[in-house]
Amino acid sequence: MGANVAPAYANIYMDNYENAYVYNTLFRTYSRCWLRFIDDIFCLWTGPHDTLLRFTEYLNSIRPELQFTLNSSPMQISFLDTLVIREPNGSLVTDIFSKPTDSNSLLHYQSCHPISTKQSLPRSQFKRVSRIVSKPSLLPERLEEMSQKFMARDYPVSLLNKEKMSATNPSVSPNSQSKPERVPFVHSHHPVMPVVYDAIRKHWPLLKQAYPTSRLSLHLRCCVNVGRITLGTKWLKPTLVALLECLDRPFLAPKGTAHFLA
């Protein structure tokens, strides 16, 4: 869409266009569903096909710079990555849709990206397949097709099997497991904080006994010019490093916020 604000502008424009020209008598008579994603529209039309053609011609006659392309079918129609199929009994089911020109452009597992990014891709894609495919009998086949695409991009089979199981059985997902309650200690920068760090380090076993089922965390509240106030000083980083070495815990300091978890 070009600039970052382009989708927002397109949505505002299309919303104004719909309110001004779309919601007319003919539309309300024959349309049972109108879904739009930016400029892609999905509609269920219950009237004769010639009325749909007349409605499209009417829309294309309003503004020359905005022209609609009509794709219609009484049996199935694609919308973005979803294929909507009409069953013989009149019910609607959904399936994964890919364009004939679609190529396997999934991120290669050997690419220089964070391992967390590469491990999360199969999870998100398997969940996408599970959400879109509405027929349980067809879901295993579509999941296997997605798995083959990842295998072609050198993803480990063990990772794919794990994420596939997680997508089809949410109860075994790591995110579904109960997490311990976190007890944060948030404070602002102050020159006496090294004394507080020393006290926490000295009495850490007592704190863990007081909260045996919780994860204790310490945070430094961000403020204006916090980088110059804290991270630029000589005492903060050595003190935190010494404290973390004592606790043997991972360290994370994103943009002026220093914290550790236990």
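Biologist: Why is Ile-38 called buried?

Modeller: In this predicted model, Ile-38 has a relative accessibility of 13%. Buried means under 20%, so Ile-38 counts as buried.

Biologist: Where does Ile-38 lie?

Modeller: Ile-38 sits in the loop between strand 1 and strand 2. Its phi is near 60 degrees, a positive value in a residue other than glycine.

Biologist: Leu-80 is also in a loop. What makes Leu-80 partly exposed?

Modeller: The relative accessibility of Leu-80 is 43%. Buried means under 20% and exposed means over 50%. The value for Leu-80 falls in between, so the residue counts as partly exposed. The loop that holds Leu-80 runs between strand 3 and strand 4. For Leu-80, phi is near 60 degrees, a positive value in a residue other than glycine.

Biologist: Why is Leu-44 called partly exposed?

Modeller: Leu-44 has a relative accessible area of 30%. Partly exposed covers the range between under 20% and over 50%, so Leu-44 counts as partly exposed. Leu-44 has its place in strand 2.

Biologist: Which residues does Leu-44 contact, leaving aside neighbours within four places in sequence?

Modeller: They are Tyr-30, Ser-31, Arg-32, Cys-33 and Leu-92. A contact requires heavy atoms within 4.5 Å. As for Ser-72, it is 28 residues from Leu-44 in sequence, and the two are 9.6 Å apart in space, C-alpha to C-alpha.

Biologist: Strand 2 also takes part in the largest pocket. How much space lies in that pocket?

Modeller: About 1200 Å³. Of the 40 residues that line the largest pocket, Ile-41, Cys-43, Asn-71, Ser-72 and Ile-77 are the closest to its centre.

Biologist: How do you know where empty space is left?

Modeller: A probe the size of a water molecule is rolled over the atoms, and this shows where empty space is left.

Biologist: Which elements supply at least two residues each to the lining of the largest pocket?

Modeller: Strand 1 (31-37), strand 2 (40-45), helix 3 (49-60), strand 3 (76-79) and strand 4 (82-86) each do so. Strand 2 gives the most, with six residues. By class, the lining of the largest pocket has 23 nonpolar, twelve polar and five charged residues.

Biologist: What is the volume of the second largest pocket?

Modeller: Its volume is about 190 Å³. The second largest pocket has 13 lining residues, and those nearest its centre are Ser-98, Asp-102, Arg-128, Met-146 and Lys-149. Helix 4 and helix 5 are the elements that give two or more residues to this lining. The lining of the second largest pocket divides into four nonpolar, five polar and four charged residues.

Biologist: Which residues have the most contacts inside the largest nonpolar core?

Modeller: Phe-126, Val-129, Val-133, Phe-150 and Tyr-155 do, in a core of 16 residues. Helix 4 (115-132), helix 5 (139-152) and helix 6 (157-168) each supply at least two residues of this core. The largest share, four residues, comes from helix 5.

Biologist: What does Tyr-155 touch, not counting residues up to four places away in sequence?

Modeller: Tyr-155 touches Leu-107, His-108, Tyr-109, Lys-118, Leu-121, Pro-122, Phe-150 and Leu-160. Apart from the largest core lies another one, of eleven residues, among them Met-14, Trp-34, Leu-52 and Phe-55.

Biologist: Val-157 lies in helix 6. What makes Val-157 partly exposed?

Modeller: Val-157 has a relative accessibility of 43%. That is neither under 20% nor over 50%, so Val-157 counts as partly exposed. Val-157 and Ser-147 are ten residues apart in sequence, and their C-alpha atoms are 8.5 Å apart in space.

Biologist: What share of the chain is buried?

Modeller: Of the 262 residues in the chain, 30% are buried. The accessible surface of the chain is about 17100 Å², and 57% of this belongs to carbon and sulfur atoms.

Biologist: How many helices and strands does the chain have?

Modeller: The chain has ten helices and nine strands. Among contacts between residues at least 6 apart in sequence, 54% join residues at least 24 apart.

Conventions. Residues numbered from 1 in each chain as written. Predicted model: local features only at pLDDT ≥ 70, side-chain atom pairs only at ≥ 80, totals over all residues. Heavy atoms only, no water. Buried < 20%, exposed > 50% of the residue type's maximum accessible area, 1.4 Å probe, protein only. Areas by Shrake-Rupley, 256 points an atom, 1.4 Å probe, with all protein chains shown as cover. Core = buried A, V, L, I, M, F, W, Y, C linked by side-chain atoms within 4.5 Å. 1 Å grid on protein atoms, 1.4 Å probe; cavity = no way out; pocket = protein on both sides within 12 Å on 5 of 7 lines; lining within 4 Å. Points joined across faces, edges and corners; volume = space filled by probe spheres on them. Nonpolar A, V, L, I, M, F, W, Y, C, P; charged D, E, K, R; others polar.
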